Amino acid sequence: MDNILNEALVEGIKVSNGGSVATYIPELAKGDPKDVGFAMMDLEGNLFTRGEYLKRFTLQSITKVISLLLALEDNGMEEVFRYVHMEPTGDPFNSIMSFEVKNPEKPFNPMINAGAMVVTSLIKGEGKKEKISRILEFTSLLTGNEKTVYDEKVYLSEKETGDRNRSLAYFMKSTGIMKGNPEETLDLYFMQCSILGNCLDIATIGAVLAGNGIHPVTGERVLKKENARIVKTIMTTCGMYDASGEFAVSCGIPAKSGVGGGILGAVPGRYGIGTFGPTLDRKGNSTAGIRIMEYLSKKLDLSIF
Ligand code: DON
């Protein structure tokens with residue numbers, strides 16, 4: 001096992017210079033390609049780590065998993081999927097065109113920005129303050145970290161540059177699928193994307209999903225089994241955006257990436273995996289993270305297929 005873990009890190013570092021850090025949000029452009037690491041947690045809470053696994057980064061689209069889980073726990077499956085489909089798009093995560101042309105009545109899935117914003121708007125709470133507190137507390141419940149916070153600078157940077165998301169939100173207001181005030185939902189979405197975490201945190205969330213909702217460290221049930229199943233399925237079909245098909249073939253691990261450089265993986269019945277490497281390929285997925293996942297999957301036979 002030791003050799004496999006060492007080699008996985010070497011493989012990740014090798015390709016970390018091959019991508020580029022996200023620059024469309026200025027705060028993300030500061031990522032250092034040398035910061036590569038990963039954590040893997042089994043269902044008893046045993047941990048396997050290498051590299052910069054404690055380095056914090058913004059979870060970005062990985063939080064789409066968290067908000068979907070919370071919305072499902074709050075509202076149940078039937079209510080959530082009245083507002084969003086569960087179909088892959090094959091388009092970039094912030095695409096407007098296909099949404100308007102092919103399927104304007106509701107977003108394709110909860111892992112693209114439009115779908116994630118609608119899902120976030122379904123989270124229960126009186127106003128923005130209570131809703132973001134609930135998202136942060138729920139993240140803490142899943143990671144086991146007492147205090148989850150979001151990065152104020154990244155949040156402000158997102159808010160300042162988030163015109164594409166603004167367009168999507170207002171488009172959805174015009175069709176009637178997004179209820180309430182779009183500015184409130186946008187703000188919540190920007191805060192949610194800016195939540196800070198490390199590989200250990202996302203590996204723990206992955207292990208909760210891998211264990212069908214049982215927390216690997218406390219042994220407590222923190223999610224309904226059914227919700228863990230739904231989210232793992234949507235991660236498999238939609239979690240790596242328009243690279244989800246290729247990733248399913250090369251890795252076969254239900255996973256969700258974020259432009260902050262993290263990837264959360266959940267290997268059913270076996271491990272949660274969290275990887276980090278800030279440089280991204282052209283589809284927005286971490287180059288190092290994909291390589292590490294592929295290596296681990298091959299060596300430890302992790303593919304679900
Ligand atoms: O909506 C955005 O632009 C970002 N804050 C989150 C996007 C993201 O992480 C997409 N990912 N791979």
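Let's start at the ligand. A polar side-chain atom of Y241 sits 3.0 Å from one of the ligand's nitrogen atoms. That is a polar contact, meaning a pair of N or O atoms within 3.5 Å. This is a predicted model, where local features need pLDDT of at least 70, side-chain atom pairs count only at pLDDT 80 or more, and totals for chains, interfaces and linings use all residues. Residues are numbered from 1 along each chain as its sequence is written, and side-chain values use heavy atoms, without hydrogens or water.

Back to the ligand. E158 places a polar side-chain atom 2.6 Å from a ligand nitrogen atom. V259 uses its backbone: a polar atom there is 2.9 Å from a ligand oxygen atom. How many residues surround the ligand? There are 14, and the closest are Y24, Q60, S61, E158 and Y189. To be near, a residue needs a heavy atom within 4 Å of the ligand.

Now Y189 again. Y189 belongs to helix α9, and together with Q192 and C193 it meets T63, K64 and S67 of α2. Contact here means heavy atoms within 4.5 Å. By class, that contact has two nonpolar, three polar and one charged residues. Tyr and Cys count as nonpolar, Lys as charged, and Thr, Ser and Gln fall among the polar ones.

How do these helices cross? The axes of α2 (residues 63-75) and α9 (residues 182-193) come within 9 Å, at roughly 125°. Axes are lines fitted to C-alpha atoms over the stretch in contact, and angles run from 0 to 180 degrees between N-to-C directions. Helices are DSSP runs, H or I, of at least four residues, numbered from the N terminus. So α2 and α9 are oblique to each other. Oblique is what remains after under 35 degrees (roughly parallel), over 145 (roughly antiparallel) and 65 to 115 (roughly perpendicular).

Terms used. Helix = DSSP H or I, 4+ residues; strand = E, 2+ residues; numbered from the N terminus. Polar contact = N/O pair within 3.5 Å; in protein donor to acceptor, adjacent residues only side chain to side chain.
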